[in-house]
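Work through the exercises below with the structure open. Try each task before you read its solution.

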Amino acid sequence: MFQRFCLSLLGFLLLWSGVGQVLAHDGYVPSGPSAIVGDWLVESRDAVIRIEQVGDEYQGYILWQLHDTYGPEDGPELNGKIVTDRHNPDPALRSQPLTGLRLLKGLSYDASNGKWVGGRVYNSDNGRTYNCLVRLLGPSRLQLRGYIGISLIGGNTVWSRVTMRTPVSGGLPFVMAAPDK
């Protein structure tokens with residue numbers, strides 16, 4: 001369910017990571033600023049985020065979610081309805097569907113360290129926005145670090161590159177990219 005994605009996103013923001021784990025360089029050098037452009041399956045495997053260049057920055061939005069309608073576990077008043085941004089701090093935006101919601105903004109490529117920095121990530125589970133930075137662990141793995149204040153206080157999540165397709169009967173609408181070596 002999409003709420004698992006939201007909980008996962010919140011979880012990584014609450015994890016404490018040591019100084020050595022704050023996006024330490026592992027030797028992979030991205031091919032350039034547009035290397036993060038594409039479709040990424042979140043760690044909980046229940047949503048795909050499309051990252052694209054918009055003007056001078058990189059942004060991401062929810063392209064697909066496993067559950068785009070609420071289920072019975074969400075209560076009878078929500079069951080069967082489209083999943084919306086119900087925790088948005090702006091009441092006027094709480095009825096907007098999560099599919100299509102732009103949740104990554106402001107990322108710019110820093111060639112000196114091979115990271116996309118200066119971004120903001122929105123957590124639809126609690127309606128809060130956090131600072132973020134991104135690095136590629138390889139051509140098919142992306143690490144997003146969300147944090148409050150300084151990047152030492154935050155957590156990481158790893159996404160996998162996918163290619164979207166028309167789903168076969170009962171199948172998922174994506175295929176995984178070749179694993180990094």
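**Exercise 1.** Leaving aside neighbours within four places in sequence, which residues is Trp159 in contact with?

*Solution.* Start with the ground rules. The model is predicted: local features need pLDDT of at least 70, side-chain atom pairs count only at pLDDT 80 or more, and totals for chains, interfaces and linings use all residues. Residues are numbered from 1 along each chain as its sequence is written, and side-chain values use heavy atoms, with hydrogens and water left out.

Step 1. Contact means heavy atoms within 4.5 Å.
Step 2. Go through the partners of Trp159. They are Trp40, Leu41, Val42, Glu43, Ile49, Ile51, Leu104, Ser140, Arg141, Leu142 and Leu144.

**Exercise 2.** Find the largest nonpolar core and say which strands supply at least two residues each.

*Solution.* Step 1. A nonpolar core is a set of buried Ala, Val, Leu, Ile, Met, Phe, Trp, Tyr and Cys residues joined through side-chain atoms within 4.5 Å. Buried means under 20% relative accessible area, exposed over 50%, and partly exposed in between (1.4 Å probe, protein chains only).
Step 2. The largest core has 27 residues. Trp159 is among those with the most contacts inside it, as are Ile36, Ile51, Leu104, Leu107, Trp116 and Leu142.
Step 3. Strands are DSSP runs (E, at least two residues), numbered from the N terminus. S2 (47–54), S3 (57–65), S4 (102–110), S5 (115–123), S6 (128–138) and S7 (141–147) each supply at least two core residues. S6 gives the most, with four.
Step 4. Another core, of five residues, lies apart from this one; Val48, Trp64, Val162 and Phe174 are among them.

**Exercise 3.** Which strands does S1 pair with, and over how many bridges?

*Solution.* Step 1. Two strands pair if DSSP finds at least two bridges between them.
Step 2. S1 (residues 38–41) pairs with S2 over four bridges, antiparallel. Gly38 stands opposite Ile51 in S2.
Step 3. S1 and S8 (residues 154–164) also run antiparallel, joined by three bridges. Here Asp39 stands opposite Val162.

**Exercise 4.** How is the ring pair of Trp64 and Phe174 classed?

*Solution.* Step 1. Rings of Phe, Tyr and Trp (its six-membered ring) pair if their centres lie within 6.5 Å; planes under 30 degrees apart count as stacked, over 60 as edge-to-face and the rest as tilted.
Step 2. The centres of Trp64 and Phe174 are 5.4 Å apart and the planes are at 70°, so the pair is edge-to-face.
Step 3. Trp64 lies in S3 and Phe174 in S9 (residues 174–176), so the pair ties together parts 110 residues apart in sequence. Both Trp64 and Phe174 are buried.
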